[in-house]
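Thank you for sending this entry; my notes are set out below as numbered points. Please read them with the coordinates open.

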Amino acid sequence: MKKKILCTMMSMVMVASLFAGCGTDSGKENSASDTSKTKEAGTTISVAAIETAYGSEMWQKVADAFTEETGIKVELTTDKKLEDVIGPSMQGGEYPDVIHLATGREAALTEQFIKGHMITDITDVLSMKVPREDKLVSEKIAGGFTDTSLTNPYGDGKTYLAPMFYSPCGLFYNAGLLEEKGWDVPKTWDEMWELGDKAKEEGIYLFTYPTTGYFDAFFYALMYSAGGPEFFDKATNYAEGIWETPEAQTCFDIVAKLAEYTNPVTPAQANDQDFTQNQQLVLDNKAIFMPNGTWIVGEMAEAPRADGFKWGMTALPAVKDGGDAYSYTWFEQAWIPSGAEHQDAAKLFISYLYSDKACEIFAKAGAIQPVLGIADKLSGDNVMFYSIYDNGAKAAMGNFAAFEAIPGVEVRTVFFDPVNSLVSGDMDEQAWIDGIISASDQMRANLK
């Protein structure tokens with residue numbers, strides 16, 4: 001069910017000044033422990049956040065804590081279909097001050113704002129002090145998260161989207177099933193096909209996926225596995241001829257073959273309404289692997305499952321024996337529309353999202369911020385998930401470069417949505433490749 005929360009917090013307190021050079025009554029410089037009001041105290045900002053498996057309560061708690069710290073009131077809106085809620089008002093010129101909505105969603109709202117250059121440069125947020133703390137935002141965020149096209153979409157050295165909840169992505173499965181059958185987790189794709197054949201004999205499919213949108217993290221990791229960072233960089237910038245290389249063909253062949261091992265009911269359920277039914281296939285032992293992220297545990301917490309079920313996660317298998325296995329690091333983004341009314345207060349809110357207090361609130365809901373040292377505070381399944389890079393997997397990060405709007409052409413519709421047709425047999429591999437080559441030529445010609 002949709003769930004919308006709309007509320008205004010009225011409390012106002014004394015907080016630390018964040019502005020260098022401001023003096024106190026005693027003539028001393030302000031520090032993070034001072035208790036003077038921010039110049040934005042009393043302002044009301046609007047924050048719109050997508051409601052995911054982490055729920056909406058955490059956002060309310062963070063908003064309340066932010067108001068307590070800064071005196072800035074927050075009007076909060078959360079919804080599972082946030083685009084439908086905030087879209088109409090934005091078309092009328094009324095924008096939330098902060099939006100938490102990742103790229104890669106079916107509605108592609110964030111991509112539309114990127115392509116339209118309608119997102120505020122928030123590079124200066126990195127040099128802001130976190131409210132009530134001594135550290136700068138840049139000192140809190142883990143390395144690499146602000147050096148990727150997911151946060152710097154224009155390649156101009158500036159940050160436009162703040163990295164939010166991150167999740168190692170990979171193939172999730174029922175570890176209890178593999179233990180029961182005596183099957184090993186495949187380390188290479190050849191071993192994966194062997195397992196698929198064994199499972200088929202017992203009426204179990206090798207693979208499913210929630211929606212084709214989940215192939216972004218999958219395909220990015222696969223590109224790294226097939227050709228390393230150099231191939232990934234060229235491919236995600238639509239280099240001429242890149243999709244006709246042996247590395248690209250390896251990626252296409254693996255996805256096309258995987259389609260043959262996919263539970264055939266998957267495409268019909270691969271939409272934003274029914275995707276959990278595909279995830280249920282893994283819990284019911286009707287499919288072994290699915291691409292997903294760590295949020296899956298919370299998302300399916302109340303779902304029925306086979307006896308002996310327990311979560312397992314693995315990086316994508318290596319392309320060849322001895323090759324590298326990759327797990328894509330997926331993360332969400334928060335950003336400020338360039339048309340937002342309260343830009344300074346919005347930036348202060350984003351800086352607060354990396355505070356110890358906010359991180360603690362988020363983590364209790366299972367949403368892990370990309371903050372240094374936070375993994376040491378995890379427990380349960382998250383210990384296994386977030387230690388994947390300690391167990392031999394390499395981290396893949398980044399995405400396709402932004403390009404000027406092209407009617408009918410989006411990364412998802414070109415690269416990932418055709419997987420449904422590969423599984424159903426309505427499209428063959430070469431037609432998929434031809435479509436990618438044609439669209440990439442347009443994307444390259446329209447790079448931002």
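The points below concern a helix crossing, a histidine and its surroundings, and two aromatic pairs, all taken from a predicted model.

1. Helix H1 (residues 57–70) and helix H12 (residues 343–352) have axes that come within 11 Å and cross at roughly 115°, and the crossing is right-handed. On the H1 side the contact is made by Trp59, Val62, Ala65, Phe66, Glu69 and Thr70, which meet Ala345, Leu348, Phe349 and Tyr352 in H12. By character, the residues of this contact divide into eight nonpolar, one polar and one charged.

2. His100 lies in strand E4 (residues 98–100), and because its relative accessibility is 2%, against a cut-off of under 20%, this residue counts as buried. Its side chain is joined to that of Glu332 by a polar contact of 3.0 Å. Leaving aside neighbours within four places in sequence, the residues in contact with His100 include Trp59, Leu82, Met164, Phe165 and Gln333.

3. The structure holds 44 aromatic pairs. In one of them, the rings of Tyr220 and Tyr328 have centres 5.1 Å apart and planes at 40°, so the pair is tilted. Tyr220 belongs to helix H7 (residues 215–236) and Tyr328 to strand E10 (residues 326–335), so that distant parts of the chain, 108 residues apart, are linked; both tyrosines are buried.

4. Trp243 and Phe400 form a tilted aromatic pair, with 6.5 Å centre to centre and 50° between the planes. Here Trp243 sits in the loop between H7 and helix H8 (246–260), while Phe400 sits in the loop between strand E11 (394–396) and helix H15 (411–416), with these positions 157 residues apart in the chain. Trp243 and Phe400 are both buried.

How values were computed. Residues numbered from 1 in each chain as written. Predicted model: local features only at pLDDT ≥ 70, side-chain atom pairs only at ≥ 80, totals over all residues. Heavy atoms only, no water. Axes fitted to C-alpha atoms, helices over the stretch in contact; angles between N-to-C directions. Helix = DSSP H or I, 4+ residues; strand = E, 2+ residues; numbered from the N terminus. Left-handed = near helix turned anticlockwise from the far one by under 90°. Contact = heavy atoms within 4.5 Å. Nonpolar A, V, L, I, M, F, W, Y, C, P; charged D, E, K, R; others polar. Buried < 20%, exposed > 50% of the residue type's maximum accessible area, 1.4 Å probe, protein only. Polar contact = N/O pair within 3.5 Å; in protein donor to acceptor, adjacent residues only side chain to side chain. Phe/Tyr/Trp six-rings, centres within 6.5 Å; stacked < 30°, edge-to-face > 60°.
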